[in-house]
Structures are given as C-alpha cells and as structure tokens.
Amino acid sequence: MKNRLLKIAASILAGALLLTAMVGCTPEETTVTEKVTTTEKSTETIATTQTETITETDDTLNIAVSILPVADFVANVGGEHVEVTVMVPPGYSPHTYEPTPNQMVRISEADAYVKVGSGVEFEESWMSDLIAQNQDMTIIDCSPGVDLLGSDPHIWNSPVNAMQMVENIYQGLIDIDPANQSDYQANRDSYLADLQALDDYAHQTLDGFSNRNFIIYHPAFGYFAAEYDLTQIPIEHEGKEPTPQVIQDCIDKSVEYDLNYVFVAPQFATSYAETIAQEIDGQVLYVDPLPATYISNMRSVVASIALELE
Ligand SMILES: [Zn+2]
C-alpha cells in the first residue's frame, strides 16, 4: 500500500515536470501564461482527488482468503486495518468451487492472500492463477506449525490448529504492515484467549463420555476428532458418494455404538444421511465446517456432538 502511494506521488510529480517542459517549449508568451494557469488548476484538482482516494485505501489492507473461517481469523487479527474478501462464498464447497471473472479482478487489488495451505482443492487448482493475476500480492500461509493428518485439508476445524493459524496470520500481517504491530498484537491476544476458552469448553463438554464415535456425511471434522479423542465415521469417502456397502457399514456401526444422529454439513446436504438416519431410527443434525463466525459456530458443533456422546 505504501508502494501504491509512492507510485501515485511519482506520477503526479512526473505530470508536473511534463507541464514545465511543455511550458518551456511553447513559443508564444501569452499562450504560455494561459496554459500555465489552466493546467495548474487542473493539476491541483487531480492531486486533491487522488490524495482523498489514497487516504481511504491506504488505511486498509485488502486481504483475500479462500474460506470463511479464515476470513473470520483475519478480520479478528486485522481489525480496522483490514478489509477481507472471501473467494468461496457461503454455501459453496472449497473442494469444487471455481472463482468468477469478477473475483479474479478483485484479486488484482489485494495486498495479500491468506491461504489455508493444507491442500484445499480450491487452492491446489487456482492458487497459481490467482498469483498470476497479482504478482505483488503477499502470500500468507496458515498451515506452518500444524501437523497434517494425511491428505485431510480441514485443519481449521480444530480450535488448537485455529490458534496456530491465527499466529501465522499475525506474523504475516506484521510483516506487511509493521506500523500497526501493536494493534495486531492486542487483537491476536484477545482472539487467542477466546479460542483457548473454546478449547476449554470443548474438553469440559466432551471429555466425560465413554462413547467417542460420531457418524458424519462429509468428513470435515477429522482434526476436531483427533484433538478431542473422538472417532469420525464418514459416509462420504474421498468426495465420492457411498456405495450400498458403505451405507450398510455405517448402519452396523450406528447399532454397535448406539448412535442416534447423522451429522451433515449444510454445503453437502444429501439424502444418504436421511436414509441412514431413518434406518437407525435417528435424526440428521447440521454442523457447519465453513462458518463465517468461527467461535460461536464451533461451540454449537461441540454441543451437537455432545448430544451423540451422551
Ligand atoms: Zn470439506
């Protein structure tokens, strides 16, 4: 953003120099005076307008992200200093989403891109195109320090991983905007405290039960399960719809573990979950793996899973 300011200042200066040169070359003195008067006025107007525009955009970093929970992390750490654009809109899946031409244009205005970095298909497929659109954009990776579980990209659904991601976002923001470090630090500390409270709540709510299994259509809570010593039983495998055998296995496990719920993400609603729920005389419950407000949503995920463990 400072570069942009310098560039604009430089172009105003270049314009002024060009004017001086033009004035110097003009042969008739009267015309020269007139020209100087009119052009000086218009230069002033342009300069004022541009300064106003700079004040608006210069205060704020434009940050693009892939998914809603990361947008929430960036907004919490960045506070008033950032404006966040999310690529995969509410209700869409980061496993299949393709950016619109409009979104590609917005990428060209971003100061930084915060990627999940764990192998989310949207990033695997589109990151190089996004970078090609804006080579000056700083890439901030959320994943360093998070232990990946095989090829499962859903790292954000563990509050402990979320804390590491927030730390990585903080480091990225102070690298590109060191002037506001104290604000970012205060925001980070406050949000980390809230995430710690969420982790404490999850332990208090989930630790006591002997049943540790839950059944879910799209397996987005593997890191959550690992963190709280639970077993996620997926209906969907590697993005594929279940075979009759998989459905039968899920029904058998539901009986074995006395399960009463089938968890479903709103982005992956499916009749298979209904089928299994009917077979086990149970109920479909929604848990959102891509929330716009992370902490309140994760609290409700914890409460919903606890219903199954009871
Ligand atoms: Zn997913």
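Let me begin with one residue, Leu259, which, once its neighbours within four places in sequence are set aside, is in contact with Asn213, Ile215, Ser254, Ile280, Gly282 and Glu308. Everything I describe this morning comes from a predicted model, and I would ask you to keep that in mind as we go through it. Leu259 has its place in the loop between α9, residues 244–256, and β7, residues 261–264. Is Leu259 buried or exposed? With 22 other C-beta atoms within 10 Å, Leu259 is buried, because a residue counts as buried once 20 or more such atoms lie within that distance. One of its contacts, Gly282, is 23 residues away from Leu259 in sequence, while in space the two are 7.7 Å apart, C-alpha to C-alpha.

In the loop that holds Leu259, between α9 and β7, we also find Asp258, and its phi is near 55 degrees, a positive value in a residue other than glycine. Asp258 counts as exposed, with 10 C-beta neighbours inside 10 Å. Glu238, in the loop between β6 and α9, likewise is not a glycine and has a positive phi, of about 50 degrees, and with 7 C-beta neighbours inside 10 Å Glu238 counts as exposed. For background, most residues other than glycine have a negative phi.

Let me now step back to the whole chain. The protein contains 11 helices and eight strands, and of its 310 residues 35% count as buried. If we take the contacts between residues at least 6 apart in sequence, 65% of them join residues at least 24 apart.

Next comes the sheet. Four strands form an open sheet in the order β2-β1-β3-β4, with parallel pairing. Its edges are β2, residues 82–86, and β4, residues 138–141, each with a single partner strand, so one side of each is left without a neighbour in the sheet. On average, and ignoring direction, neighbouring strands of this sheet are turned by 25 degrees against each other. The pairing of β1, residues 61–65, with β2 is parallel and is made by five bridges, and within it Val65 has Val86 of β2 as its bridge partner.

Two helices pack on these strands. Helix α3 lies across β1, β2 and β3, the last being residues 112–115, and runs at about 180 degrees to β2. Helix α6, residues 159–176, touches β1, β3 and β4, and its direction makes about 160 degrees with that of β4.

Helix α3, residues 68–78, also meets another helix, α7, residues 181–206, and the two axes come within 7 Å and cross at roughly 125 degrees. The two helices are therefore oblique to each other. On the α3 side the residues involved are Asn76, Val77 and Gly78, and they meet Tyr184, Asn187, Arg188 and Tyr191 in α7. By class, that contact has three nonpolar, three polar and one charged residues.

Finally, I come back to the contacts of Leu259, which include Asn213 and Ile215. Strand β5 covers residues 213–216, and four bridges join it to β6, residues 231–234, with the two strands running parallel. Asn213 stands opposite Thr231 in β6. Which helix joins β5 and β6 in a β-α-β unit? That helix is α8, residues 222–227, and the unit is right-handed.

Definitions and conventions. Residues numbered from 1 in each chain as written. Predicted model: local features only at pLDDT ≥ 70, side-chain atom pairs only at ≥ 80, totals over all residues. Pairing = 2+ DSSP bridges. Right-handed = clockwise from strand over helix to strand, strands pointing away. Axes fitted to C-alpha atoms, helices over the stretch in contact; angles between N-to-C directions. Parallel < 35°, antiparallel > 145°, perpendicular 65-115°, else oblique. Contact = placed C-beta atoms within 7 Å. Nonpolar A, V, L, I, M, F, W, Y, C, P; charged D, E, K, R; others polar. Buried ≥ 20, exposed ≤ 12 C-beta atoms within 10 Å, placed from the backbone.
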